[in-house]
Amino acid sequence: MKRMLWFTFGRTLKSPLGFGRRLLFGAETQYVASLLGCLAFAQTGYAQSTNARLPRIAIAGLGIESSTFSPAVTLEPAFHARYSGEVFNAYPFMMPMSPMRKKAVWVPTIVGKSLPGGIVSREAYESLVHKMLDSLKKYAPYDGLYFDIHGAMSVQGLDDPEGDLITRIRKVIGYNTLVSTSMDLHGNVSWRLAQQTDLMTTYRMAPHEDAMQTKERAVTNLINRLNSGKGKPAYKALINVPILLPGEKTSTRIEPGKSLYQQVAPAVDGQDGIVDGGIWIGYAWADEPRNHAAVMVVGDDQAKVTQTAEKLATAMWNVRGQFDFVAPVGKLEDVLAKAVVSARKPFFISDTGDNPTAGGAGDVTWTLTQILARPEFQKPDGPALIYASIPGPDFIRKAKAAGVGGQVDALAGAAVDARFAGPVRLKGTVEAIVEGDRDAEVEVVVKVGSVHVIVTQKRKPYHKENDFKRLGLEPRKADIVVVKIGYLEPELYAMQKDWIMALTPGGVDQDLFRLPYKRIERPMFPFDKDMKTPDLGAKLVPLSASY
């Protein structure tokens, strides 16, 4: 007779084994419930494995891009942490009826992913790590761990947080547990992270259209190594490549990034003696020694592993001078002038310096201030411009009081990053009020002259057409759309008839020479353009072990 564990916590929706649980009391309630949920999964796994020994695999991870050049600080709620059975919802390939769910006894602990932002507070980091380690400790042992990270997290008072996290995890799960890590190609591969990880893979596309495919590959690699009995690959070759460039210059949409990344799959996939490998561009907006490009290849054939890593690293170094922005760039004044007279509509402008999906604070008002100051946009019948977006909690409150169709006059923005411009005054008609967004919470559209400004309770990126349409806006019919972004995400890219990236100020300024780097390793391209060719020989990373 099957044993079923039923539980409820607070005003939680009761369900068997923690599946589909709706948690209503915040992170602490979720955490306690996760411990019960993990116990339920452990019991379920025992029942599944009575006839056949399935590998026992934990799931854990934290991910964020953190700009150290932004004054913003990221707190724990920003990670929207998933606990226990909720973790599966982050992965379509792990749904209840998927083949992957039947291949192991899964013990999901905590996976948290934050919108990119400023440095993470030490308190937030320690709180999440403590909960993760506590869960892992209670339900050990494990045959494997899927470690889902981004790789560009910065934490107050701590270098290399991902390396710190996996080292602390190792002390709980031991060094025989096989760890497979998936990363963003804009993450950073430190020596410590490479040592404490056994299998590692990364995205091969920017924009990251292969993100979920990469995560599934990391899990598949893990299961295959466990089921085959091969365990840890014997060799891990790491090469630090002294290049530091923004993602907008290394997109795989254009050359040389396109051809460079097309070399990865044939070099590593399906090759005897190689399990996986990748090229990491690294994260440009954090001033830390680990921030640079890297190549890593893992496998059982030493010659193939090292030679493949060296081939990819050399290919990257050889095209370093060819990297350029994925779109035309210019000063905002010139970009706006071109957009106003262009017959190609919608004309998209990337407000790059405060891109919230790269780590910007999201509330820099410099660009919006410049737009509203131009006479073309001060009349209601001027060029129709959509601006996405600016946070303004006080503005939201006043707009809600005025209601749709009402008049509002209030300030927004510059509460976090006021280095370039102060709060912007928005005086106009409220066109929409929409509540319930996961990131923004509340969104308001206010028309100021001919500009439709999206104001949010909390910062939010606008990447999809429905992000606009649900607010009653039609970006395809607009003359100009200004978005806080770098390279356009796929839906926006497909929508634009012309596009320029404006080189605007902010915590993720695309002009890296304007940023006060002090701690990155030098020499570094492009800061030291005449540097000698670096040592691109593969360094073999020791297998994970206590040290």
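Let's start with Phe513. At 51% relative accessibility, Phe513 counts as exposed. The cut-offs are these: buried is under 20% relative accessible area, exposed is over 50%, and partly exposed lies in between, with a 1.4 Å probe and protein chains only. A word on the source: this is a predicted model, where local features need pLDDT of at least 70, side-chain atom pairs count only at pLDDT 80 or more, and totals for chains, interfaces and linings use all residues. Residues are numbered from 1 along each chain as its sequence is written, and side-chain values use heavy atoms, with hydrogens and water left out.

Back to Phe513. Its place is the loop between β23 and β24. Helices here are DSSP runs of H or I with at least four residues, strands are runs of E with at least two, and both are numbered from the N terminus. What does Phe513 touch, beyond residues up to four places away in sequence? Pro526 and Phe527. Contact means heavy atoms within 4.5 Å. Phe513 and Pro526 are 13 residues apart in sequence, and their C-alpha atoms are 9.1 Å apart in space.

Now Pro526 itself. Pro526 is in the loop between β23 (498–502) and β24 (539–540). The peptide bond leading into it, from Phe525, is cis, with omega near 15 degrees. There is another cis bond to look at. From Ala206 to Pro207 the peptide bond is cis, with omega near 10 degrees. Pro207 sits in the loop between β11 (199–202) and α5 (211–228).

Why point these out? Most peptide bonds are trans, and most residues other than glycine have a negative phi. That brings me to two residues with positive phi. Ser84 has phi near 50 degrees. Ser84 lies in the loop between β6 (82–83) and β7 (105–113). Is Ser84 buried or exposed? Buried, at 0% relative accessibility. Ala414 has phi near 60 degrees, again positive in a residue other than glycine. Its loop runs between β18 (407–412) and β19 (424–437). Ala414 counts as buried too, at 9% relative accessibility.

Next, two strand residues. Ile454 is in strand β21 (residues 451–456). At 0% relative accessibility, Ile454 is buried. Leaving out residues up to four places away in sequence, Ile454 has a long list of contacts, including Ile386, Tyr387, Ala388, Val444, Tyr462, Phe468 and Leu473. The C-alpha atoms of Ile454 and Ile433 are separated by 9.8 Å, with their positions 21 residues apart along the chain.

Ser180 is in strand β10 (residues 178–183). Ser180 is buried, with a relative accessible area of 1%. Beyond four places in sequence, Ser180 is in contact with Leu145, Tyr146, Phe147, Leu199, Ala218 and Leu222. Asn221 is 41 residues away along the chain, and its C-alpha atom is 7.5 Å from that of Ser180.

On to the cores. A nonpolar core is a set of buried Ala, Val, Leu, Ile, Met, Phe, Trp, Tyr and Cys residues joined through side-chain atoms within 4.5 Å. The largest one has 60 residues. Which members touch the most others? Ile59, Trp106, Leu145, Phe147, Ile169 and Val189. Helix α2 (residues 122–138) gives the most to this core, seven residues. A second, separate core holds 57 residues, among them Leu185, Ile281, Ala313 and Leu488. Take Val189. Leaving aside neighbours within four places, its contacts include Met183, Ala194, Leu238, Trp280 and Met296.

Finally, the whole protein. It has 13 helices and 24 strands. The radius of gyration is 24 Å, close to the 24 Å that the globule rule gives for 547 residues, so the protein is as compact as a globular protein of that length. That radius is taken over C-alpha atoms, and the rule is 2.2 Å times the number of residues to the power 0.38. Along the principal axes, the C-alpha atoms fill a box of roughly 75 × 65 × 40 Å. Of the 547 residues, 61% count as buried. Among contacts with a separation of 6 or more, 74% come from residues 24 or more positions apart.
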